[in-house]
Amino acid sequence: MTDLVPVSAARAIVQSGGGSSLPPMRLSQRAKAAIVVRLILNEGADIPLEELPEELQAHLTKAMGSMRVVDRDTLSSVVSEFAAEVERIGLRFPGGMAGALTALDGKISPQTAARIRKETGVRDNGNPWDRIREMDDDLLLPVLQDESIEVAAVALSKFDVKKAAALLGQLPGPRARQITYAVSKTGAISPDAVERIGLSLAAQLDARPVSAFEDGPVERVGAILNSSTSMTRDDVLEGLDETDEGFANAVRKAIFTFGNIPERIAPRDIPRIVRDVDQADLVTALAGAGLMGMKASVEYVLENMSARLADQLREEVSEAGTPAPADTDAAMAMIVTVIRDMENAGDLVLLSADEE
């Protein structure tokens with residue numbers, strides 16, 4: 001009963017309970033809990049009773065159903081006892097290993113939490129579907145691909161419309177049609193069955209190995225090559241082509257260089273990028289990129305800014321002469337850094353190959 005409301009709420013209930021000299025009724029602890037809950041609900045407060053074990057929820061409901069009228073003296077006595085119990089609590093721990101893991105979520109490493117859960121057999125608390133819905137699409141897509149049609153249909157039905165549509169669009173046509181049709185057959189499935197499916201899927205997804213890295217290998221290699229010189233980048237990609245062509249192609253898609261500007265940057269974003277780039281770096285990059293096979297990028301940048309500024313830059317480029325390759329690489333890297341910073345800040349979106 002002491003977990004239901006804070007001390008301040010209890011005091012308010014006591015103050016509103018009034019009092020008289022009549023002896024209070026003799027009640028069981030469950031009946032007292034029912035009285036407190038009923039009074040709090042009457043006051044319009046929200047009580048998270050769903051967090052109680054189902055057995056306690058059932059006992060509370062039955063106790064409330066068996067009661068009719070409680071006099072004001074009994075009410076005042078019950079609430080005073082409740083407030084006293086609450087005020088006697090100095091510090092309360094979550095109780096059990098599951099509660100401890102929940103309290104320390106985000107404070108200890110995911111690896112440690114996963115190891116403790118495995119050793120103690122503790123699963124995550126709460127609604128399994130809430131956890132599943134928060135997972136990334138790349139983790140959920142295999143569920144729709146590999147599970148039975150019926151399970152996939154239940155999972156799809158538990159996602160919000162936007163997430164379900166995004167996942168469905170990544171499935172092969174026949175599979176997507178089968179799952180969509182199976183959704184029409186889920187009307188008779190019981191809540192218990194849906195919960196069991198959620199617990200099973202959550203257990204499978206939670207059992208996946210904890211990665212030591214936040215990003216995948218493609219993203220990590222791409223980030224490294226983004227900051228490398230063009231000579232090093234080309235040499236590494238050529239070697240990857242010989243070893244694993246599929247991985248090499250994936251890395252190329254993750255890389256963004258000065259040479260990718262025409263196909264990955266929208267024309268409207270060029271003026272904003274140019275404003276944030278140091279003038280000296282811009283002139284050096286434009287002067288040297290053409291000699292390194294990136295003339296298209298140079299022209300794309302110049303064509304998508306004001307004519308006055310473009311003419312000014314062309315004049316400065318002609319006066320700058322031919323910069324050293326190392327200086328050109330450094331200047332182009334600075335422009336790419338500005339673009340990446342704008343992307344991370346949400347100021348621009350890099351176009352995909354399909355949007356070229």
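Which residues have the most contacts inside the largest nonpolar core? In this predicted model, they turn out to be Phe 258, Ile 261, Ile 265, Leu 286 and Ile 339, in a core that counts 30 residues. Several helices chip in: H17 (270–276), H18 (279–289), H19 (295–303), H20 and H21 (325–344) each supply at least two residues of this core. The top contributor is H21, which gives 7 residues. As a bit of background, nonpolar side chains tend to be buried together in soluble globular proteins.

Leu 286 makes a handy example of how the packing works. Leaving aside residues up to four places away in sequence, Leu 286 touches Phe 258, Val 298, Val 301, Leu 302, Leu 313 and Val 317. There is also a second core, separate from this one, with 26 residues; among them are Met 135, Leu 144, Leu 171 and Ile 179.

Now for the empty space. The count comes to 1 cavity of 30 Å³ or more, and the largest cavity has a volume of about 60 Å³. Its lining is made up of Phe 258, Ile 261, Ile 265, Ile 270, Ile 273, Val 274, Val 277, Leu 282, Val 301, Ile 335 and Ile 339. Two elements, H17 and H21, give two or more residues to that lining, and H17 has the largest share, with 3 residues. Some names should ring a bell: Phe 258, Ile 261, Ile 265 and Ile 339 line the cavity and are also among the residues with the most contacts inside the largest core.

Two of the helices deserve a look of their own. In H19, the buried residues are Ser 297, Val 298, Tyr 300, Val 301 and Leu 302. These buried residues pack against H16 (261–264), H17, H18 and H20. As for H20 (residues 307–320), this helix has 14 residues and spans 20 Å from its first C-alpha to its last, close to the 20 Å expected at 1.5 Å a residue. Just after H20 comes Gly 321, which takes a positive phi of about 75°.

How far can the model be trusted from place to place? The mean pLDDT of the protein is 81, with 85% of residues reaching 70 or more. Confidence is highest in H19, at 94, and lowest in H1 (residues 7–16), at a mean of 42. Over residues 1–22 the pLDDT is below 50, yet this stretch has 40 contacts in the model beyond near neighbours in sequence.

Conventions: Residues numbered from 1 in each chain as written. Predicted model: local features only at pLDDT ≥ 70, side-chain atom pairs only at ≥ 80, totals over all residues. Heavy atoms only, no water. Helix = DSSP H or I, 4+ residues; strand = E, 2+ residues; numbered from the N terminus. Expected span 1.5 Å × (residues − 1). Core = buried A, V, L, I, M, F, W, Y, C linked by side-chain atoms within 4.5 Å. Buried < 20%, exposed > 50% of the residue type's maximum accessible area, 1.4 Å probe, protein only. Contact = heavy atoms within 4.5 Å. pLDDT = per-residue confidence, 0-100. 1 Å grid on protein atoms, 1.4 Å probe; cavity = no way out; pocket = protein on both sides within 12 Å on 5 of 7 lines; lining within 4 Å. Points joined across faces, edges and corners; volume = space filled by probe spheres on them.
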